[in-house]
Amino acid sequence: MRAPDTAPRARVGDVLLSVEDVSLSFGGVKAISGVSFDIRQGEIRAIIGPNGAGKTSMLNVINGFYHPQQGRITFKGRTRAKMRPYEAAYGGIARTFQNVALFRGMSALDNIMAGRTLKMNVNFFWQLLRYGPAMREEVEHRRVVEEIIDFLKIQEIRRTPVGRLPYGLQKRVELGRALAMQPELLLLDEPMAGMNLEEKEDMSRFILDVNEYYGTTIALIEHDMGVVMDLSDRVVVLDHGIKIADGTPDEVKRDQAVIDAYLGVAH
Amino acid sequence: MFYREAGQFKTSYASDQAIFPILQDRIGIAVILVAAFSLPLYANDFILNAVMIPFLIFALASIGLNLLTGYTGQLSLGTGAFMGVGAYACYKLTSIWPDVNIIVWVICSGFFAAGVGAIFGLPSLRIKGFYLAIATLAAQFFLEWCFIRIAWLYNYNISGAIEVPQRTVLGVIVTGPRATSETRYIVVLAIVVAMTWIASNLMHGRIGRTWMAVRDMDIAAELMGIRLLPTKLMAFAVSSFYCGVAGALMVFLWYGGAEPAVFNINQSFTILFMIIIGGLGSLLGAYLGAALIYILPIVLRFVPEWLGIPIHAATVEHITFMIVGVLIVFFLIVEPAGLARLWSIGKQKLRVWPFPY
């Protein structure tokens, strides 16, 4: 794996998404309070924190599944208080889930093809006939999907219903489904949870490759600190819904608040 | 050994995305179609009228419900009522414009059912599963009430029932008491085959994938940009379209007349049982389920006669009920995912035969 470097690299561009002063609560429970951070074009941004820190809630806010009570989200220069999930998808935000959320009744190929839904627009009547433009569109998108299948090395399981696949491959198919959307911002919620070392290494390589070849900006939540420190350009640390640190992996590692949050404080 | 795709190489994505990618399947479908269309040449009136026409109509209604429940995951108990909407719409249309081709009206009546189905599908955004089933019960009861109370729907007929008038297409009598069973069978078969083909096209394309995505994981589907309400309403509309056409066929080409009771809750349950036993999310399952629930009792009724066993007709009736009940339980224990799954497991076994795997 690549050594983390502290200097900003040329591949990282302007701010793609910025979250300003976002607060989210469920009744009396404050999940996120007053968090601000930004994600730059082309970078790998990690969001870490102990259990219940509000990391997944943060992702849900970013792709419009939760509506924060307070704060603004600016994505590609457009600021809004709340976003519908499909608007986020149209805007180019894709997402994988902590506990795999694949379409279990469908094959791996169909799952990834489903990721192309937004890019397909042949009307209903051609779809009825499955001929002419509908078939051309189907083939054209199949070609894109096959590239993703090659990229993730899952050729031999294309036709397998995903419910029957082992966990590591399911995670990979889910990444493929998100990539099929050709997103500008890819949100990965614990892409390595429950994996063994080898699977983690594979997944890390895919994440780096996605970032490098497709230039996709990635925000990931992960608990494996080794992976986070190696992969990410910048890290934001949440604890009890509050941002306690933000910076390069090295800065974050030395931050006293972060050490306290993870290891506890002597009383 | 005979069912194997060895040597059949796909050279384009189009041929790999085909609905029947394996040659043997295509031959099988062709044989079945030829047999089905030539059936009037060697089958008697009873087979056509009492077995095949109802079977095809039930299969069409099952496909309709399967599109909604099996593919999109929205449980519905309004099937009977949506069939009724199709039947009454067809009746009114042909009463008002008697000169228009009746087959056109049968298809058009599906659009009325689709509209009504989409309206009663609105609760599906908020509620799922059994609760949605109860919400669709509202459709069942409300529409049944309409069929009884709104006299305009049955042209103020004193008996409260609808009588199918005689209609001809290209000089051939298609509906009414004087239509031959051969004609009616061919019309029903053509419509059912065409609509099955269309359903299969839809389910193999983008629309089918979005429906199944909503069924399997609606949150993920939403975050991928699939809007839930339009998708679900479309599933309700298309499903009801199929049910509506099935209802119109049922009255116009099978019963020849109908009372509101035909479209009661029992009809909804019958169709639901057919797709559960046949296989949710499978078009073949709709046919298998309709065959098991509708044709099997008829066949069983004739078994004692063929074997020359003298049993009273009433006893046969009771035994038939018992055997069908046992078979349903048996099939569900053997394969809870339905007969269609049994068929696909069988196909897999056939592919690798004589080896176990």
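This briefing covers the fold of chain A, one helix pair, one buried residue and the contact with chain B. The model is predicted. Chain A has 10 helices and 10 strands. Helix α5(A) appears twice below: it packs against α6(A), and it gives the most residues to the side of chain A that touches chain B.

**Overall form of chain A**

- The radius of gyration of chain A is 19 Å, which agrees with the value near 18 Å for a compact globule of 267 residues.
- Along the principal axes, the C-alpha atoms of chain A fill a box of roughly 70 × 40 × 40 Å.
- Of the 267 residues in chain A, 45% are buried.
- When contacts in chain A between residues at least 6 apart in sequence are considered, 69% of them link residues at least 24 apart.

**Packing of α5 and α6 in chain A**

- Helix α5 of chain A spans residues 133-152 and helix α6 of chain A spans residues 167-180; their axes lie 10 Å apart, at an angle of about 140°.
- The two helices, α5(A) and α6(A), are therefore oblique to each other, since the angle is neither over 145 degrees, as roughly antiparallel requires, nor within 65 to 115, the roughly perpendicular range.
- The crossing of α5(A) past α6(A) is right-handed.
- On the α5(A) side, the contact is formed by A:Val145, A:Ile148, A:Ile149 and A:Leu152; on the α6(A) side, by A:Arg172, A:Leu175, A:Gly176, A:Leu179 and A:Ala180.
- By class, the residues of this contact are 7 nonpolar, 1 polar and 1 charged.

**Surroundings of A:Val235**

- A:Val235 belongs to strand β9 of chain A, residues 234-239.
- A:Val235 has 26 other C-beta atoms within 10 Å and is therefore buried, the cut-off being 20 or more.
- Leaving aside residues up to four places away in sequence, A:Val235 touches A:Ala46, A:Ile48, A:Val228, A:Gly247, A:Pro249 and A:Val252.
- The C-alpha atoms of A:Val235 and A:Ala245 are 8.0 Å apart, with a separation of 10 residues in sequence.

**Contact between chains A and B**

- Chain A contributes 32 residues to the contact and chain B contributes 26.
- Helices α2 (85-91), α3 (108-114), α4 (124-129) and α5 of chain A each provide at least two residues of the side that touches chain B.
- With 6 residues, α5(A) gives the most to this side of chain A.
- The side of chain A that touches chain B consists of 20 nonpolar, 5 polar and 7 charged residues.

Technical notes: Residues are numbered from 1 along each chain as its sequence is written. Chains are lettered from A and ligands numbered from 1 in the order in which they are written. This is a predicted model: local features need pLDDT of at least 70, side-chain atom pairs count only at pLDDT 80 or more; totals for chains, interfaces and linings use all residues. Axes are lines fitted to C-alpha atoms, for helices over the stretch in contact, and angles run from 0 to 180 degrees between N-to-C directions. Helices (H or I, at least four residues) and strands (E, at least two) are DSSP runs, numbered from the N terminus. Angles under 35 degrees count as roughly parallel, over 145 as roughly antiparallel, 65 to 115 as roughly perpendicular and the rest as oblique. A crossing is left-handed if the near helix is turned anticlockwise from the far one by less than a right angle, and right-handed if clockwise. Two residues are in contact if their C-beta atoms, placed from the backbone, lie within 7 Å. Ala, Val, Leu, Ile, Met, Phe, Trp, Tyr, Cys and Pro count as nonpolar, Asp, Glu, Lys and Arg as charged, and the others, Gly among them, as polar. The radius of gyration is taken over C-alpha atoms; the globule rule is 2.2 Å times the number of residues to the power 0.38. A residue is buried if 20 or more other C-beta atoms lie within 10 Å of its own, exposed if 12 or fewer, and partly exposed in between; C-beta atoms are placed from the backbone.
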